[in-house]
Amino acid sequence: MTIETQVSSAMIATQGLTFAYTEEPVLSNISLNFQAGEFTGVIGPNGSGKSTLLKLIGGILPSASETVFFKNRELSHYKKKELAVSIAWIPQEKQMAFPFKVIDIVLMGRHPYLSPLSFEGKDDYQIAEDAMKQTQVLEFAQRSFNEISGGEKQRVMIASAISQKPDVMLLDEPTSALDIKYQIEVLNILKRLNEDENKSLILAMHDLHLASKFCKRLILLKKGQVFCEGTPAEVLKKEILEDVYEVKVKIFQDDEDGSLLVVPESS
Amino acid sequence: MSELNPTITSSRKFATGIGLFFLIFLATLIIAPLIGPTTIDLGKALSGGIGSTGNVDADILFLARIPRILLGAVTGAALSVTGAVFQALLRNDLAAPFTLGVSSGASLGAVIAISLGLNFTILGISTLSIAAFLGALGTMYLVFGLVKTRYGDFPTSILLLAGVTANFFFASMVMFIHYMSDFTQSFQIVRWLMGGLDITDYQTVWSICPFVIVGIGGLIYVSRDMNLISAGVQSAMSRGVDVVRTQKIGFILASLITGTVVAISGPIGFVGLIVPHMVRLIVGPDLRLLIPCSMFFGASFLILCDTVGRTLIAPAEIPVGVITAMLGGPFFVWLLKRQNKRGNV
């Protein structure tokens, strides 16, 4: 209870979050606040702990006691379904072991609202249909998930999360496996969710240009620690990136939207 | 208008699927008793007088064929449902009680019970069943722990290797116990290991029914949770599934029903592999539909295999386990090849 009064008005907060799969810590002493309605990108080199951080915030990996808070309450104090209607975590799209249809996957987002033996009702179908319209996958509703393209899969995963009706959506590298057309499609959907429906978004991202183009705030991780955070312009600086990524870079700016393009130097 | 037809609600889709497979089951149940090496006169058989009244037709129908068919139904249903559940929880369609070594674990449990002279019943429950259940559960625990990676995946290669290893190990343990046991026990073990549905009576069938019904009922209760797990463990967690609890319930109940039927029918392989797969092709991977449909189709499938077994080279009989293995072996190879093509191995 004492901790709860200390915590700020942030929607999600981590306090001294440390995590290890084995002995080597993947994340150490992470203290971050995420406000409602933010569009945040988590960036950093491979193995810097981006995905792990998202999983801890989403309650998918168990954190050490009392370190991750949602609305001032520690995650472990929530019932699993209670948390699921607030926070959705969206993995990178991949093949399923079984031939689920797209509509099946989207309806799975309704799970936290259903009691054990009940079936999805008309409301659930309506919500799923709306979600699929938003991400433009309604036409694939009856197709097998495994047979659609990577970009379509990612949009289906997002539709499933939308039908979960969460406040916060965590996306683990939503664009990494996609070509540029689908990258922009997916990010525009997320941008609209953020702007029109005030969803809080936290994305783990590889592509620094897309991160600067869409995210309002960036968190840069290095070896499991927060190296720095701020607006894209504050974080994507030559000296910072050269330190973190251990490569020489040039930074160009897009004149139209001010987004930054980070180009590694070949030697 | 959209392609989602909101007038076709889930529940109606489910009722249709389950109804279809129930009808198949019912038809098998009615026709199978009429088929056999001896042609029976149905009118005479139904005219009454069972056992030592000289009504041979009635004796064959009611004392030989029907109990055997009922045992086949319960065994087939149990193994098929178990297969569907293992496949979902391990996210791999090559998982089944036989391929994972769970059936042989149950066998080992039962053989140990026989060798210790523990072949009796407590409160109507045979100690063989309890030992087989513990054997099945122990194996499941072992294989699950061995195969699971840090990311919660179950790679096919390791899964199969673990199953093969478990099968070899338990088979040699069974052989060892068999070798060390005295003549009476040795005879009991051989009879039991040969398996099959032929030596049975109504009493045996009724004694295993409650476990199988409770087990399948419990699995249906957690079927939507298991659906989400079959689509991805971490996504399931994010959608509010208590994954650890669901896995525990699933494995314990699946082991319970496997152990129960293996204790009576002996090891009958591949039913749990073939049936869920065929049913999935028709009704899809949703366990709320797949479990009840596999239950009915599994029952029909094993009755059918046994009917073939007892008529093909009549008056001699082929044990039902031989028939299922002859169908299941090639089927398994086909599945493996298909997975390999998709790059899942």
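This passage walks through the domains, a sheet, the chain contact and one helix of a predicted model. Local features are described where pLDDT is at least 70, side-chain atom pairs count only at pLDDT 80 or more, and totals for chains, interfaces and linings use all residues. Residues are numbered from 1 along each chain as its sequence is written, while chains are lettered from A and ligands numbered from 1 in the order in which they are written.

Chain A splits into domain 1 (1-86 + 168-238) and domain 2 (95-165), with bounds that come from an automatic or database domain assignment. Taken over C-alpha atoms, the centres of these two domains of chain A lie 24 Å apart. Each domain of chain A puts 11 residues into the contact, where two residues count as touching if their C-beta atoms, placed from the backbone, lie within 7 Å. On the domain 1 side, helix 3 and helix 7 (180-197) of chain A give two or more residues; helix 7 of chain A gives the most, with four. (Helices are DSSP runs of H or I with at least four residues, strands are runs of E with at least two, and both are numbered from the N terminus.) By class, that side has nine nonpolar, no polar and two charged residues; Ala, Val, Leu, Ile, Met, Phe, Trp, Tyr, Cys and Pro count as nonpolar, Asp, Glu, Lys and Arg as charged, and the others, Gly among them, as polar.

Chain A also holds an open, mixed sheet of six strands, in the order 6-7-8-3-9-10. Strands pair if DSSP finds at least two bridges between them. Strand 6 and strand 10 (225-230) of chain A sit at the edges, each pairing on one side only. Strand 9 (residues 217-222) of chain A runs antiparallel to strand 10 of chain A, over five bridges, and A:L221 stands opposite A:V226 in strand 10 of chain A.

As for the two chains, 35 residues of chain A are in contact with 29 residues of chain B. Helix 3 (80-84), strand 6 (87-90), helix 4 (102-108) and helix 5 (122-134) of chain A each give two or more residues to chain A's side. That side is made up of 22 nonpolar, five polar and eight charged residues.

Over in chain B, helix 4 (residues 102-115) has 14 residues. Of these, 13 are buried, so helix 4 of chain B is largely enclosed by the rest of the structure; buried means that 20 or more other C-beta atoms, placed from the backbone, lie within 10 Å of a residue's own. Just after this helix, B:G117 takes a positive phi of about 70°.

Note on methods
Expected span 1.5 Å × (residues − 1). Buried ≥ 20, exposed ≤ 12 C-beta atoms within 10 Å, placed from the backbone.
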